[in-house]
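Student: Let's go through this one together. I'll keep asking how each label is earned.

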Amino acid sequence: FQFVESQTGYTSRLRLTSLQQQAVGFKFKTNAPHKFLVKPVVSALTKKGTTVDVIVKSTSPITDADRFLIQTVALDANEAEGLDSTK
């Protein structure tokens, strides 16, 4: 994903789309959590085709040392209820 420079810093939008019939939870991680503001960090995609936009912001330039990881896990309906980003 690409960062765009603005007057307030650097911003990127990452769109995640579920390809699974069952709910999928995700967590966005970085090696520099103090440097990046991520919204949402944790959420769930409750059915196939559901999308969520993850916004990543930073006030300082992005470097080659910056790393990002998205972890995913299959969820049952009860687990996904509290993490549903569409509610």
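Tutor: Start with strand 1 and strand 2 (residues 9-17), which pair in the antiparallel sense over three bridges. This is a predicted model, where local features need pLDDT of at least 70, side-chain atom pairs count only at pLDDT 80 or more, and totals for chains, interfaces and linings use all residues. Residues are numbered from 1 along each chain as its sequence is written, and side-chain values use heavy atoms, leaving out hydrogens and water.

Student: What makes strand 1 and strand 2 a pair?

Tutor: Two strands pair if DSSP finds at least two bridges between them, and here there are three. Strands themselves are DSSP runs (E, at least two residues), numbered from the N terminus. One of the contacts involves S6, whose bridge partner in strand 2 is G9.

Student: Why is the contact between D53 and R15 called a salt bridge?

Tutor: The term needs a side-chain nitrogen of Lys or Arg within 4 Å of a carboxyl oxygen of Asp or Glu. For D53 and R15, the N to O distance is 2.8 Å, so the label fits. D53 lies in strand 6 and R15 in strand 2, so the pair ties together parts 38 residues apart in sequence.

Student: And D66 with K35: are these residues buried or exposed?

Tutor: Buried means under 20% relative accessible area, exposed over 50%, and partly exposed in between (1.4 Å probe, protein chains only). D66 has 10%, so D66 is buried. K35, at 18%, counts as buried too. Their salt bridge has its closest N and O atoms 2.9 Å apart.

Student: What makes D53 partly exposed?

Tutor: Its relative accessibility is 28%, so D53 falls in the in-between class.

Notes:
Helix = DSSP H or I, 4+ residues; strand = E, 2+ residues; numbered from the N terminus.
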